Structures are given as structure tokens and as C-alpha cells.
Amino acid sequence: MHIAILTFDAYNELDSFIALGILNRVPRPDWRISIASPTPTVRSMNGVLVESMATLQDACAADAVIVGSGAKTREVVEDPAIMSVLRGLDPSRQLLAAQCSGTLVLAKLGLLDGVPACTDNTTKPWVVAAGVDVLNRPFFANGNVATAGGCLASHYLATWLITRLEGPEAAAEALRYVAPVGEQDEYINRALRHTASPALQQS
């Protein structure tokens, strides 16, 4: 099971690393979580240098993909070399999730056509300009595609992916590892509620 987290230059550490940390709490031998980048190393918006663990081509073949956000996402979507590779992303055979400005990447790839999405307030005008209805909520999923808005909503994407791939019990156990002591049940219940089926999300 390979889950790739797309991480570009000027990436947001919270978006990439919170999901990475939670997903790696699943005790499954073949469970592999990778930072996937277009270059061997990428530097975050705050100067943190990280080595890529997978290529963009690897991500397109992964079982699930999170598109992380960053300060240069608008440059990413204007880069034909990057976008031509990412056109290999396919929700018919992969789970696709996007965090904040990562939603703009999915929008530009045409993967959000006719589907509302979540993003952060800074990115919202660009996603709207791309023809996507932006919701005022932290998480929304439609079929095999999910989006989240706000850096600290990244655990919703991790919860959704674990629930879809391993079940809600596995998601709850992973969250119990990282939730604040004394507030585990509150965090777990809220995350599972937000990432439940669309009908339940409306409640």
C-alpha cells in the first residue's frame, strides 16, 4: 500500500508532515508513506529541507495521493513539465486528497469538475476562478476525491484515507496516538464525523 504526499518547493510543513505522521501510525507491514517531489530535495516555506522519497511518476502509480500545499502552488500549476506528469493521477483507481492550495492543483487537472471543494482562505479566489465552488468547511469528499481547508485540517485527510483503506477502527487508533491527552475521544469522534459519508457530513 503506497500513499504519496506531493510536496513541492516552498511547501507547507504542517500539510505534508502532519498527514505523514498520522498515516505512519498504521501498523501494516506493506504500508508505505512517501514524500513525492519533482526534485531530489525541496525546501519549505520556512526553510526546512527535505529529501524526496518518491518521484511524481511514482505518485501517479500509488494507491492514494495527498496533494500538499505551499507558497508556490500557482507556479506549480503553470509548470507544464509537472502538470503533464500529474495528469496521470486517476480517481478511478486511486484515492486523491488535496490540502489547501493543493486543491488548486486538482482543479487545474480537471479533477474537481462539477464538484465543490475545500481550501484555505488565501487560495479560495484562485480555486473559484478555476471554476470550483468552494465550501466554508474543513473537509469534503466526493467519491474517491477529498479536499481539506486549513493547515490543521490535514488530520481529516489522513483520517479519510485510513478509513477508506483500513477502516474506521484503524483511523481511530492512529488518531489516538497523536491526539492531545484527555481529548482523544473528542478528536477521534470529530474526525470520523467530518470524514463520514456525504449524508452524515451534512449533519
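1. The cavity and its lining. In this predicted model, the largest cavity is lined by Leu112, Val115, Pro116, Phe140, Asn142, Val145, Ala146 and Thr147. The space inside the largest cavity comes to about 30 Å³, and a search of the whole structure finds 1 cavity of 30 Å³ or more. Sorted by class, the lining of this cavity holds 6 nonpolar residues and 2 polar ones, with no charged residues.

2. Which elements supply the lining. Strand S7 (139–142) and strand S8 (145–148) each contribute at least two residues to the lining of the largest cavity. Of the contributors, S8 gives the most, with 3 residues. A student who wishes to find the cavity in the structure may begin from these two strands, S7 and S8, and then look for the other residues of the lining, among them Leu112, Val115 and Pro116.

3. Helix H1 and what covers it. Which residues of helix H1 are buried? Helix H1 spans residues 13–23, and its buried residues are Glu13, Asp15, Ser16, Ala19, Leu20, Ile22 and Leu23. The cover over these buried residues includes four strands and two helices, namely strand S1 (2–6), strand S2 (32–36), strand S5 (64–67), strand S6 (95–99), helix H7 (154–166) and helix H8 (168–178). At the start of H1, a side-chain oxygen of Asn12 comes to within 2.9 Å of the backbone nitrogen of Leu14.

4. Ala10, ahead of the helix. The loop between S1 and H1 contains Ala10, whose phi angle is near 65 degrees, a positive value in a residue other than glycine. Ala10 has a relative accessibility of 8% and therefore counts as buried, because buried means a relative accessible area under 20%.

5. Cys100, a second residue to check. The phi angle of Cys100 is near 50 degrees, and here too the value is positive in a residue other than glycine. Cys100 sits in the loop between S6 and H5, and with a relative accessible area of 3% Cys100 is buried. The backbone oxygen of Cys100 lies 2.8 Å from a polar atom of the side chain of Thr119, and this pair leads to the next point.

6. Thr119 and its surroundings. Thr119 belongs to the loop between helix H5 (102–108) and helix H6 (124–129). Is Thr119 buried or exposed? Its relative accessibility is 8%, so Thr119 counts as buried. Besides the pairing with the backbone oxygen of Cys100, the side chain of Thr119 makes a polar contact with the side chain of Asp120, at 3.4 Å. When residues up to four places away in sequence are not counted, Thr119 touches Cys100, Ser101, Thr103, Lys124, Val127, Val134, Ala148 and Gly149.

7. A salt bridge across the sequence. How many salt bridges does the structure hold? The structure holds 6 salt bridges, and one of them joins Arg28 to Glu166, with the closest N and O atoms 2.2 Å apart. This pair links distant parts of the chain, since Arg28 is in the loop between H1 and S2 while Glu166 is in helix H7, 138 residues apart. Both partners are partly exposed: Arg28 has a relative accessibility of 25%, and Glu166 has a relative accessible area of 33%.

8. A salt bridge within helix H9. Glu186 forms a salt bridge with Arg190, and the closest N and O atoms of this pair are 3.6 Å apart. The two residues are 4 residues apart in helix H9 (residues 184–194), which means that Glu186 and Arg190 are separated by about one helical turn. Glu186 counts as partly exposed at a relative accessible area of 47%, and Arg190 counts as partly exposed at 22% relative accessibility. Elsewhere, salt bridges that share partners join Arg28, Asp30 and Glu166 into one network.

9. The pair of Asp185 and Arg176. The side chains of Asp185 and Arg176 also meet in a salt bridge, at 3.2 Å from N to O. Asp185, at 47% relative accessibility, counts as partly exposed, and Arg176 is likewise partly exposed, with a relative accessible area of 35%.

Technical notes:
Residues are numbered from 1 along each chain as its sequence is written. This is a predicted model: local features need pLDDT of at least 70, side-chain atom pairs count only at pLDDT 80 or more; totals for chains, interfaces and linings use all residues. Side-chain values use heavy atoms; hydrogens and water are left out. Buried means under 20% relative accessible area, exposed over 50%, partly exposed in between (1.4 Å probe, protein chains only). Contact means heavy atoms within 4.5 Å. A polar contact is a pair of N or O atoms within 3.5 Å; within protein, one must be able to donate a hydrogen and the other to accept it, and residues adjacent in sequence count only if both atoms are side-chain atoms. A salt bridge is a side-chain nitrogen of Lys or Arg within 4 Å of a carboxyl oxygen of Asp or Glu. On a 1 Å grid over the protein atoms alone, a cavity is a set of points where a 1.4 Å probe fits but cannot get out, and a pocket is an open set with protein on both sides within 12 Å along at least five of seven lines; lining residues have an atom within 4 Å of a point. Grid points are joined across faces, edges and corners, and a volume is the space filled by probe spheres set on the points. Ala, Val, Leu, Ile, Met, Phe, Trp, Tyr, Cys and Pro count as nonpolar, Asp, Glu, Lys and Arg as charged, and the others, Gly among them, as polar.
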